[in-house]
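User: Please work through this model with me, one question at a time. I should like each answer to show its reasoning and to close on the value or name requested.

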Amino acid sequence: MENKIFVFGHQKPDTDTIASSIVLANLQTALGKNATAYKLGNVNKETAYALKTFEVEEPQTLNEVDENCDVMLVDHNEFAQSVNGVEKSNIKMVVDHHKIKFETKEPLFYIAEPLGCTASILYKLYKQNDVEISKPMAGLMLSAIISDTLLFKSPTCTDEDKKIAEKLAKIADVDVDVYGKEMLKAGTDISEFTPYQVINIDSKEFSDKNARFEISQVNAVDLDSVFSRQSELEDAIQKEIKEKNLDFYMFAATDILNANSKIIAIGNKANTVEKAFGVTLNNNTAMLDNVVSRKKQMLPNILNNLD
Ligand SMILES: [Mn+2]
């Protein structure tokens, strides 16, 4: 038997990372390889909903790999976001849709496309290899596209992602809009989370032009319920600012049904946020119309307005 291949996505896994790991392992198995999907951390509620709907088992957790391991990476390529020991392992393949910061040791398959989702690239790999897509695999790929593109509302979404999602929905036998909203909603339940956990669900720190700041994002269907916790969220944010010595912190609750974000911005340079989006903070909050993507909207606007 050929060497076992470990297939996995990034740390703090999202739906694309988990779905794409399972799907690539499935495709490789169909092609005669001995491939198994793994996760690098707990799955979130949205992903759990997708797995349950399409009756697919959650992958086992992988803590580290060594020089004897054959691996395939999905939905990431930077070693800092990957598993411990990845730099020593034998990387056989990367399938990804992020900017590339990757060093190769050996020749490999590197498949990158600027699409909204890794799963869209995997759909094309099934077609190229003439492998049939099962209903559960179609359901997972569809879930990943819905998640990464916020049901096609994110500016990261391409026409190709939309077309592929329509084809997958037919195989998965679901109504994209109905299923998509239910799946996204399942991921927005933050009632059991402490304020610290809420602001750290999906948070990234950045530094540029002598400014250090953090942008945190949560998906929501009911902005009022998120903001009923504003004062305790602000306490948690103040603590982060102090501990990390940040110039400002922006917390965005993104309304996934209406494609807007309501923010809390705090810190010495919080006025950067006002300039970036042409808004005035009122009680530390503002509404950003049509802003949903950190990668394509929030971060670039802020970077363009740092002093
Ligand atoms: Mn992705």
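User: What covers the buried residues of H3?

Analyst: In this predicted model, helix H3 spans residues 118-128 and is mostly covered, with 9 of its 11 residues buried. The buried residues include Ile-121, Leu-122, Tyr-123 and Leu-125. Their cover includes strand S4 (70-74), strand S5 (90-96) and strand S6 (109-112), together with the helices H1, H4 (135-149) and H5 (159-172).

User: Which residue just after H3 takes a positive phi, and is this residue buried or exposed?

Analyst: The residue is Asp-130, which lies in the loop between H3 and H4. Its phi is near 55 degrees, a positive value in a residue other than glycine. Exposure requires a relative accessible area over 50%. Asp-130 has 72%, so the residue just after H3 is exposed.

User: Where is Asn-210 placed, and what is its relative accessibility?

Analyst: Asn-210 has a positive phi of about 65 degrees although it is not a glycine. Its place is in the loop between S7 and strand S8 (211-220). Asn-210 counts as exposed, its relative accessibility being 76%.

User: How many residues of H1 are buried, and what span should the helix have?

Analyst: Of the 16 residues of H1, 13 are buried, so the helix is largely enclosed by the rest of the structure. H1 comprises residues 15-30, and its end C-alpha atoms are 22 Å apart. This agrees with the span expected at 1.5 Å a residue, which is 22 Å.

User: Which residue caps the N-terminal end of H1, and which residue with a positive phi follows the helix?

Analyst: At the N-terminal end, a side-chain oxygen of Asp-14 lies 3.4 Å from the backbone nitrogen of Asp-16. That places Asp-14 as the cap of H1. After the helix comes a residue with a positive phi near 95 degrees, namely Gly-32.

User: What area do domain 1 and domain 2 bury between them, and which three residues supply 47% of the area on the domain 1 side?

Analyst: The domain assignment gives domain 1 as 5-186 and domain 2 as 195-303, and their C-alpha centres lie 28 Å apart. The contact draws 9 residues from domain 1 and 11 residues from domain 2. Between them the domains bury about 990 Å², 70% of it on carbon and sulfur atoms. On the domain 1 side, the three residues supplying 47% of the buried area, more than any other three, are Leu-150, Lys-153 and Pro-155.

User: How many salt bridges and how many residue pairs in polar contact are found between domain 1 and domain 2?

Analyst: The structure holds 15 salt bridges, but the count between domain 1 and domain 2 is 0. Across their interface, the residue pairs in polar contact, both at pLDDT 80 or more, number 2.

User: Which residue forms a salt bridge with Glu-192, and which residues make up the network of salt bridges?

Analyst: The partner of Glu-192 is Lys-45, with the closest N and O atoms 3.9 Å apart. Glu-192 lies in the loop between helix H6 (176-186) and helix H7 (195-199), whereas Lys-45 belongs to helix H2 (residues 45-53), so the pair ties together parts that are 147 residues apart in sequence. Glu-192 is exposed at 62% relative accessible area, and Lys-45 is partly exposed at 29%. The network of salt bridges links Lys-45, Asp-189 and Glu-192.

User: Where in the chain do Asp-202 and Arg-294 lie, and is Arg-294 buried or exposed?

Analyst: The side chains of Asp-202 and Arg-294 meet in a salt bridge, at 2.7 Å from N to O. Asp-202 is in the loop between H7 and strand S7 (203-208) and Arg-294 is in helix H11 (residues 294-303), so that the pair links parts 92 residues apart. Asp-202 counts as partly exposed at 30% relative accessibility. Arg-294 has a relative accessible area of 9%, and is therefore buried.

User: What is the N to O distance in the salt bridge of Glu-205 and Arg-212?

Analyst: Glu-205 is partly exposed, with a relative accessible area of 37%. Arg-212 is likewise partly exposed, with a value of 37%. Their side chains meet in a salt bridge whose N to O distance is 3.0 Å.

Terms used
Residues are numbered from 1 along each chain as its sequence is written. Side-chain values use heavy atoms; hydrogens and water are left out. Helices (H or I, at least four residues) and strands (E, at least two) are DSSP runs, numbered from the N terminus. The expected span of a helix is 1.5 Å times one less than its number of residues. Buried means under 20% relative accessible area, exposed over 50%, partly exposed in between (1.4 Å probe, protein chains only). A polar contact is a pair of N or O atoms within 3.5 Å; within protein, one must be able to donate a hydrogen and the other to accept it, and residues adjacent in sequence count only if both atoms are side-chain atoms. Domain bounds come from an automatic or database domain assignment. Contact means heavy atoms within 4.5 Å. Buried area is the accessible area (1.4 Å probe) that two parts lose on being put together, summed over both. A salt bridge is a side-chain nitrogen of Lys or Arg within 4 Å of a carboxyl oxygen of Asp or Glu.
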